[in-house]
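Dear colleague,

I am passing on the structure we spoke about, together with a short account of what I found in it. Please have it open as you read, since the notes below refer to residues and elements by number.

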Amino acid sequence: MIKTIQFKNKAVRIIDQTKLPQKLVYKDCRLLRTLWLAIRRLEVRGAPALGAAAAFGVLMGTQDFKGEDRELFISSLNKVCDYLATSRPTAVNLFHSLEAMRMVPWLYPSASVTKLKDVIRKKAFEIYETDRAVCRAMGDHGARLIRNGDRLMTICNAGALATVDYGTALGVFYSAQKADKRFEVFACETRPLLQGARLTAWELTHARIATTLITDNMASVVMRDKGIRAVFTGADRIAANGDAANKIGTYGLAVLAKHHRIPFYVVAPRTTFDLAILKGNDIPIEERDPQEVRQLAGRPIAPKTVSVFNPAFDVTPHDLITAFVTERGIIKKPFNKTIKKIFS
Ligand code: MRU
């Protein structure tokens with residue numbers, strides 16, 4: 001499996017996803033600023049990958065702290081966390097990792113700075129390893145939902161490139177493939193930044209999964225005329241009631257799926273749930289540079305001054321979601337009860 005993110009020689013090594021599919025380029029982020037920009041520019045992206053990036057970012061930003069002054073160390077740790085928290089607002093995995101790091105001094109109230117640095121290192125690798133295990137568990141649970149001959153649909157990239165190395169929604173496809181199931185995937189290209197075309201189509205074709213790329217506005221016709229049997233997506237933040245934020249266009253797919261009576265599955269680890277947020281309206285939605293819409297792959301396609309609305313995510317209301325696939329299994333309705341259960 002491809003390694004989307006690693007910690008090597010005091011640097012956070014990422015695949016620069018803005019270069020895909022033309023080139024597979026690894027980039028070493030040695031400065032916090034470089035990592036922050038890599039997150040902001042979507043060189044590394046996808047909710048679980050952002051969780052790992054934040055954890056490794058804190059490791060990188062604290063390991064060279066000199067001296068044994070605990071108070072100074074805590075203040076430097078908090079500064080690093082505050083800074084990384086400003087990179088992107090929607091994927092809660094990033095904030096959960098930062099929170100876990102901020103907690104370290106509280107959990108070890110009398111530990112030396114050397115010990116705190118050691119715990120932070122262990123915690124960062126634990127977050128990384130947990131993601132690997134959790135994605136495989138979700139994949140195996142979700143694969144049960146796939147039958148031989150299925151035609152499936154997905155949006156954005158919820159694959160190895162969006163996690164440490166396996167994927168959430170695409171992880172379900174990888175596990176189904178391992179279980180020798182035959183199926184095809186229709187991948188929505190995902191305007192404006194084309195994660196579906198550039199990343200999902202690249203990943204799935206490399207994995208030898210039968211893949212057909214469509215533009216986003218073909219989804220309705222494909223659902224109706226090609227016999228789509230289920231939609232699988234990832235998520236960036238899921239509220240306590242099951243409303244789920246994911247890449248812009250996901251809500252539209254869920255509405256279409258309901259119209260065509262197609263099951264709509266959201267595949268996400270527990271780190272993507274935010275129980276402090278009760279409903280989808282309260283999920284912060286990132287708005288990005290208008291140029292991303294005025295241009296296509298860097299080329300202008302619209303008048304330079306036309307006004308643009310560019311939300312990076314939308315929220316799918318829970319009633320349009322058939323089930324969640326998590327590392328704890330397949331979570332069915334009523335979500336306000338069943339979601340709580342997977343945290344108990
Ligand atoms: O803007 P992006 O590319 O970070 O958006 C990513 C998505 O919307 C993914 O579907 C989501 O993070 C789930 S990833 C397993």
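In this predicted model, helix 9 (residues 250-259) lies across strand 4 (150-154), strand 5, strand 7 and strand 10, and its direction makes an angle of about 145° with strand 10. Helix 5 (residues 113-143) lies across strand 7 (230-233), strand 10 (264-267), strand 15 (323-326) and strand 16, running at about 140° to strand 15.

The strands just named belong to an open sheet of seven strands with mixed pairing, whose order is 6-5-4-7-10-15-16. Strand 6 (210-214) and strand 16 (329-331) stand at its edges, and because each has a single partner strand, one side of each is left without a neighbour in the sheet. From one strand to the next, the twist averages 25°. At the strand 6 edge, strand 5 (residues 183-188) pairs with strand 6 in the parallel sense over five bridges, and within this pairing Val-185 has Thr-211 of strand 6 as its bridge partner.

I also looked at the cysteines, and a search of the whole structure finds zero disulfides. Cys-29 is in no disulfide, the nearest cysteine sulfur being that of Cys-81, 17 Å away. Seen from the other end, the closest cysteine sulfur to that of Cys-81 is in Cys-29, and the distance of 17 Å is too far for a bond, given that a disulfide requires the sulfur atoms to be within 2.5 Å. Cys-29 counts as buried, at 0% relative accessibility, and Cys-81 is likewise buried, with a relative accessible area of 0%.

With best regards

Methods:
Residues numbered from 1 in each chain as written. Predicted model: local features only at pLDDT ≥ 70, side-chain atom pairs only at ≥ 80, totals over all residues. Heavy atoms only, no water. Buried < 20%, exposed > 50% of the residue type's maximum accessible area, 1.4 Å probe, protein only. Pairing = 2+ DSSP bridges. Helix = DSSP H or I, 4+ residues; strand = E, 2+ residues; numbered from the N terminus. Axes fitted to C-alpha atoms, helices over the stretch in contact; angles between N-to-C directions. Contact = heavy atoms within 4.5 Å.
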